[in-house]
Amino acid sequence: MYDIIIVGGGPAGLAAAIHSAVFGLRTLVLEAEKRAGGMATRARGLSNYPGFRKISSLRLMEKMVLQTEKNGAELRTSEEVVTLSLRGKDKVVETKRGKYRCRALILATGDGMKGIGMKWETWIGGGDAYCAECSASFLKGRDITVVGNVKDAAEEALLLAKKADNIRLVNHSNMIDINGEKRKQLEEEHVTLIENFMGKEIKGKPPSKQLVLHRVSDSATKTLKTDMIFVIAGVRSFVSVLRKAGIKTHRQGCIVVDKFGKTNVRGVFAAGGCASTVKDIIPACVGDGTAVATCAHLYLAYGS
């Protein structure tokens, strides 16, 4: 029995664990991969992390793991969560190795979406996004390119068209197979279809992102300049675990939270890239994990 279980050992999860342990709470971190750190271990060197002029993201994660364990939190790697039971006061988290119980649960699983394999496609960097509903406040007046699975990408393009001015849709295959009714909807919303090309590479930084396209028939390429690139390729398997447990998510998989990191299930919180706010850099994820751990501590202390 733990006070707090944190699912995910990336920047947000480790920061939450460090602060939960400082509060004197019995804390367990469950990380699906063989080592903690999440996608941050694959990022480049950081020059925007407070306190460091420049530091390797891998080195930063190693320091955070050490601090997590020295503060008294328990960290278990290779523990993929397969089931969540959240109906009772105590929460039950089941992995392939066993079951764990807690009074409060923090979800810090990182971005819930899958990529499509384009070069330089990343979950840590500006200008690439995976959930229109989570980025609404940034879309007005923007030039947006949507690339990915045609069915989901078309729906995302229609949603984005209500908030942004110029939308392009690129299917990540040779043809855009959309029926007449859907094409009419896209046309009415002024979504431009770019057919016979597929995404190859992402270049540049905001506000001058570039999407390099590849034509399958003759290997010709062309480059689109755009403000934001939305990559739509379905959600990872863990999102289905969340939904089965009753956790409310957006269509693309981000967990819906309030300003305190609370989900729709009492005693369950979410922090970092998996939550429905824009946090695609390591310092922001760390800050969010810290804040949500504080809110979880207050929930355990006062029941609200």
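**Strand pairing and residue environments in the predicted model**

Strand β5, which spans residues 91-95, is mostly covered, with four of its five residues buried. The structure described here is a predicted model. Two strands pair with β5, and each is described in turn. Strand β4 (residues 81-85) pairs with β5 in the antiparallel sense, over four bridges. Within this pairing, Thr 83 stands opposite Glu 94 of β5. The connection from β4 to β5 is a hairpin of five residues. Strand β6 (residues 99-107) is also joined to β5 by four bridges, and these two strands run antiparallel. Here the bridge partner of Val 93 is Tyr 100 in β6. A hairpin of three residues leads from β5 to β6.

The protein as a whole contains six helices and 15 strands. It has 304 residues, of which 50% count as buried. The accessible surface comes to about 14600 Å², and carbon and sulfur atoms account for 49% of that area. Among contacts in the protein with a separation of 6 or more, 58% are between residues 24 or more positions apart.

An open sheet is formed by three strands in the order β11-β12-β13, with antiparallel pairing. Its edge strands are β11 (197-203) and β13 (221-226), each of which pairs on one side only. On average, neighbouring strands of this sheet are turned by 30° against each other, direction ignored. Strands of a sheet pair through backbone hydrogen bonds, in either a parallel or an antiparallel arrangement. Between β11 and β12 (residues 209-215), which run antiparallel, there are six bridges. One residue pair in this region is formed by Lys 203 and its bridge partner in β12, Gln 210.

Two individual residues were also examined, beginning with Thr 27. This residue lies in strand β2, which covers residues 27-30. Thr 27 has a relative accessibility of 2% and therefore counts as buried, the cut-off being under 20% relative accessible area. A polar atom of the Thr 27 side chain lies 2.9 Å from the backbone oxygen of Leu 25. With residues up to four places away in sequence left out, Thr 27 touches Tyr 2, Ile 4, Ile 6, Ala 17, Ser 20, Ala 21, Ala 73 and Glu 74.

The second residue, His 297, is placed in helix α6 (residues 282-302). His 297 has a relative accessible area of 23% and is therefore partly exposed, since a residue counts as buried under 20% and as exposed over 50%. In sequence, His 297 and Asp 3 are 294 residues apart, whereas in space their C-alpha atoms are 9.1 Å apart. Residues touched by His 297 are Phe 23 and Leu 25, not counting those up to four places away in sequence. Leu 25 thus appears in both descriptions: His 297 touches Leu 25, and the backbone oxygen of Leu 25 lies 2.9 Å from a polar side-chain atom of Thr 27.

Technical notes: Residues numbered from 1 in each chain as written. Predicted model: local features only at pLDDT ≥ 70, side-chain atom pairs only at ≥ 80, totals over all residues. Heavy atoms only, no water. Pairing = 2+ DSSP bridges. Axes fitted to C-alpha atoms, helices over the stretch in contact; angles between N-to-C directions. Buried < 20%, exposed > 50% of the residue type's maximum accessible area, 1.4 Å probe, protein only. Polar contact = N/O pair within 3.5 Å; in protein donor to acceptor, adjacent residues only side chain to side chain. Contact = heavy atoms within 4.5 Å. Areas by Shrake-Rupley, 256 points an atom, 1.4 Å probe, with all protein chains shown as cover.
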